[in-house]
Amino acid sequence: MKFTILIIDDEKNIREGLAADFEMDGYNVKVAENGKQGLEFISKGDIDLVITDLRMPGGVSGEDVLRHVTAETPGIPVIVLTGHGSIDAAVQAMHDGAYDFLTKPLNLEQLEMIVKRALQGRELSLQHQQLLKEVDSNHQVDEIIGKSAAMQKVITLVKKVADAKISVLVTGESGVGKEVVADALHKLSSRRNNSFIKVHCAALSETLLESELFGHEKGSFTGAESLHKGKFEQAHGGTIFLDEIGEINQTVQVKLLRVLQEKKFERVGGEQTLEVDVRVIAATNRNLEEEVKAGRFREDLYFRLNGIHIEVPPLRERKDDIPLLMNAFLEKYNAENNKNVKGFDSRARAAIYKYDWPGNIRELQHCVESSVVMASGDEITLDDLPPTVSHQSKSENIAIPVGISLDEAEKILIQQNLAANKGNKSKTADILGIGRKTLHRKLQEYGLENDDEETSQE
Ligand SMILES: Nc1ncnc2c1ncn2[C@@H]1O[C@H](COP(=O)(O)OP(=O)(O)OP(=O)(O)O)[C@@H](O)[C@H]1O
Ligand SMILES: [Mg+2]
């Protein structure tokens, strides 16, 4: 990287002497004879380091330059030069964020050292910024939507183990997002630019699965008309995702164990031993420990696969994630269906919260998709929801007698919703379409809140 140094000094011989020196060292150099000129260079944006005198004629001092840089372009180191006997000013400059200071007459060697060190730091920080940018744009973890404590734990774990070589076993009920987790693991690893191969182990017959994973030689079995490279070969340098790992038979289990232990295998019908570098992620909605106990799954293989265990919790245990997911899916299906549904009315929302979601996120996703298609107005109503979801709520009414005031009706409504949600105020506020603070205020107004509320369950 060729860095550009800006030298600001009103003394011509210092400015030009330093310029010549740093140019000889291979830097690009710009010179300015006062602070104002210096700021003009900085604002153009290609300066990596500033060396500035403090006292200069004209309206803009070295201190002004320093303050401008720390405020506007804080990554650029500023080295301050001070006249003899102005240590106070130098101390103040350090306080204001200068990288270092030197007193005149200058010790050139020392200045060169300081510049070199400062630019090494800058190079690292630029590389770091670049890395962060890449992580932000290409490898969004935000594909895993979830703000609940349970999902935050999953996301932290994913980030932590993504770049390790160790095998990861992802478990959880159907539709919880096991594949989403596997995708994130690959995308956040340094293997992200190499292949990510997915194998659905349950979808293939026993012999087919073996040749699918490990490949086969020409003529190794009837129908094997040409050499076929298996998924492990295809995944070399990258990641393989073995979905529904609980379904694989004993033969494949043995071969898989060997790949995990020795990174070696042979194609079906082949003699040659192949070696691969593949990161293995496996997923299952079975309880593998029980499969091991029942003798259907090799224990040694189970331990190999289960290097790190990521358990994705079912949606009913993290209902806090429902609003975020609902919104994300609403946006997606509005776009796909050319619609502009704004949201869900309160009864629809209540039904969605209440429902248990046995099919987890996938079921919620389908629910939002069909509701968007069904919705005829601005909002999705209870009638737009799939019957499985709306049914429960339709049969549950709150009785509000004729002849009572609006306030009394509101009190009943709040009380009963709160009870139906087991005292969870965030959820109740969401369902009622009001903020938590408003709910809190109303609870106090209606005398529904105890004194020890603050510590009660959320
Ligand atoms: N946290 C999440 N954020 C956004 N979308 C998600 C999330 N979890 C799951 N999904 C979506 O839900 C659907 C089901 O997820 P996925 O296929 O990963 O589930 P699974 O656990 O692998 O299910 P199965 O056991 O049936 O294979 C997918 O469309 C996925 O995009
Ligand atoms: Mg899956």
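## Ile240 and its contacts

In this predicted model, Ile240 touches residues from several stretches of the chain. Beyond its neighbours within four places in sequence, Ile240 is in contact with Ile197, Val199 and Leu213. Its other contacts outside that window are Lys231, Phe232, Ala235, Val278, Arg279, Val280 and Ile281.

## The largest nonpolar core

Ile240 also ranks among the residues with the most contacts inside the largest nonpolar core, which has 30 residues. The others in that group are Leu213, Phe232, Leu242, Ile245, Ile248 and Phe297.

Helices and strands both supply this core. Strands E7 (196-200), E10 (239-243) and E13 (279-284) each give two or more residues. So do helices H8 (206-214), H10 (250-262), H11 (288-293) and H12 (299-305). Which element gives the most to this core? H10 does, with five residues.

## A second core

A separate core has 27 residues. Among them are Tyr333, Phe344, Ala351 and Trp357.

## Lys178

Lys178 lies in helix H7, which covers residues 178-187. Is Lys178 buried or exposed? Its relative accessible area is 10%, under the 20% cut-off, so Lys178 counts as buried.

Leaving aside neighbours within four places in sequence, Lys178 is in contact with Val170, Thr171, Gly172 and Glu173. Ala283, Thr284, Asn285 and Val312 are also in contact with Lys178. With Gly172 there is a polar pairing: a polar atom of the Lys178 side chain lies 3.0 Å from the backbone oxygen of Gly172. Ile380 is 202 residues from Lys178 in sequence. In space, their C-alpha atoms are 29 Å apart.

Terms used. Residues are numbered from 1 along each chain as its sequence is written. Chains are lettered from A and ligands numbered from 1 in the order in which they are written. This is a predicted model: local features need pLDDT of at least 70, side-chain atom pairs count only at pLDDT 80 or more; totals for chains, interfaces and linings use all residues. Side-chain values use heavy atoms; hydrogens and water are left out. Helices (H or I, at least four residues) and strands (E, at least two) are DSSP runs, numbered from the N terminus. Buried means under 20% relative accessible area, exposed over 50%, partly exposed in between (1.4 Å probe, protein chains only). Contact means heavy atoms within 4.5 Å. A polar contact is a pair of N or O atoms within 3.5 Å; within protein, one must be able to donate a hydrogen and the other to accept it, and residues adjacent in sequence count only if both atoms are side-chain atoms. A nonpolar core is a set of buried Ala, Val, Leu, Ile, Met, Phe, Trp, Tyr and Cys residues joined through side-chain atoms within 4.5 Å.
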